[in-house]
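Dear colleague,

I am passing on a structure that I would like you to look through at your own pace. My notes on what was found in it follow directly below.

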Protein chains: 2
Amino acid sequence: MQITIDIDSATPLFSQLVMQIKQAVERGLIQPGDPLPSIRQLANDLDMNNKTVAKAYRLLERDSVIETKGYRGTFIHPDARANCTVDLNAWVKKQLNETISAFRKAGVTDSEIRIAFADVLNQSTGGSHD
Amino acid sequence: MQITIDIDSATPLFSQLVMQIKQAVERGLIQPGDPLPSIRQLANDLDMNNKTVAKAYRLLERDSVIETKGYRGTFIHPDARANCTVDLNAWVKKQLNETISAFRKAGVTDSEIRIAFADVLNQSTGGSHD
DNA sequence: AGTTGTACCATTAGTACACACGGTACATAT
DNA sequence: ATATGTACCGTGTGTACTAATGGTACAACT
């Protein structure tokens, strides 16, 4: 499989990686069970930082598109094809849209919404992760 | 009624103004129908900018704690006492907390939530005001 | 020894926003 | 003329976040 990263693109590098791997799964270029290059290996190939690749892998595993087996490496998840079409992001946006619309109807300023949002997100953060 | 503004406080000036006026209403120091100083007047007295006072007045009117009658000045709203105990901000935070908690349970990253939030808020902005 | 994913320390550049400020202008009224 | 609230143009400072980079270290396995 081929991965092309555009440094000059507005979309973040880790996002490009996530999208391209999902596409490859959807198109059947990589099958469930197939091994993926190691984080360090891929970072070296694409000439980017380990952390950036690790971030992409982390998100892909969160979505159950890939499976990391510790020291044994990373593999395509059995249900990858089904899972990579599930758009968690779209659901989040839909929910937020409803909530925000309700706020606006109540006369709440966008500025106020932003501040309250930042408050809630930061305050109740047990573990923030990346 | 006395208004004390603390320049060195962490809470914004307009917020201090809003709170103090609400407090004065709650304590009965000012009654419904009572006139408030004009924006320019109060700004001059408190040694702050017109816009800052105007912002406080705008929010107070949004909450129906005060009533502006154009060129005739600004007055305490008839239902001020009831309205100034209604905490719109607390409601917003409660809603957001529920929404965000649901996201986190679904495994959505705080970072992703922030991005989605910014997207939704900016995209569907009809009129943003302040 | 070498590799796996992962966790911790950190910095840099860029962006976005809140807050407060200044000036100017308007319609509406006394 | 003078005063009201309101609207527009803008500036500056501080904060907070993202994205990406670097280095070091760990446990678990081949």
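By class, the surface near DNA strand C is made up of eight nonpolar, nine polar and seven charged residues, where near means that a heavy atom of the residue lies within 4 Å of the strand. In this scheme Ala, Val, Leu, Ile, Met, Phe, Trp, Tyr, Cys and Pro count as nonpolar, Asp, Glu, Lys and Arg as charged, and the others, Gly among them, as polar. Please keep in mind that this is a predicted model, in which local features need pLDDT of at least 70 and side-chain atom pairs count only at pLDDT 80 or more, while totals for chains, interfaces and linings use all residues. Residues are numbered from 1 along each chain as its sequence is written, chains are lettered from A and ligands numbered from 1 in the order in which they are written, and side-chain values use heavy atoms, with hydrogens and water left out.

In total, 24 residues surround DNA strand C, and the closest are A:S38, A:S111, B:L13, B:K51 and B:Y71. Of the strand's atoms within 4 Å of the protein, 75% belong to sugar or phosphate, and the rest to bases. Phosphate oxygens of the strand lie 3.0 Å from a polar side-chain atom of A:T74, 3.0 Å from a backbone N or O atom of B:N49, and 2.9 Å from a side-chain N or O atom of B:T52.

A:T74 appears again in the sheet of chain A, as the bridge partner of A:L36 in strand 3. This open sheet has three strands in the order 1-3-2, with antiparallel pairing; strands are DSSP runs of E with at least two residues, and helices are runs of H or I with at least four, while two strands pair if DSSP finds at least two bridges between them.

Turning to the two protein chains, 33 residues of chain B are in contact (heavy atoms within 4.5 Å) with 34 residues of chain A. The area buried between them, which is the accessible area (1.4 Å probe) lost on being put together and summed over both, is about 3,300 Å², and carbon and sulfur atoms give 66% of it. There are four salt bridges between the chains, each a side-chain nitrogen of Lys or Arg within 4 Å of a carboxyl oxygen of Asp or Glu; one of them joins A:D119 and B:K93 at 3.1 Å, N to O. On the side of chain B that touches chain A, helix 5 of chain B gives the largest share, twelve residues.

With best wishes

How values were computed:
Buried area is the accessible area (1.4 Å probe) that two parts lose on being put together, summed over both. A polar contact is a pair of N or O atoms within 3.5 Å; within protein, one must be able to donate a hydrogen and the other to accept it, and residues adjacent in sequence count only if both atoms are side-chain atoms.
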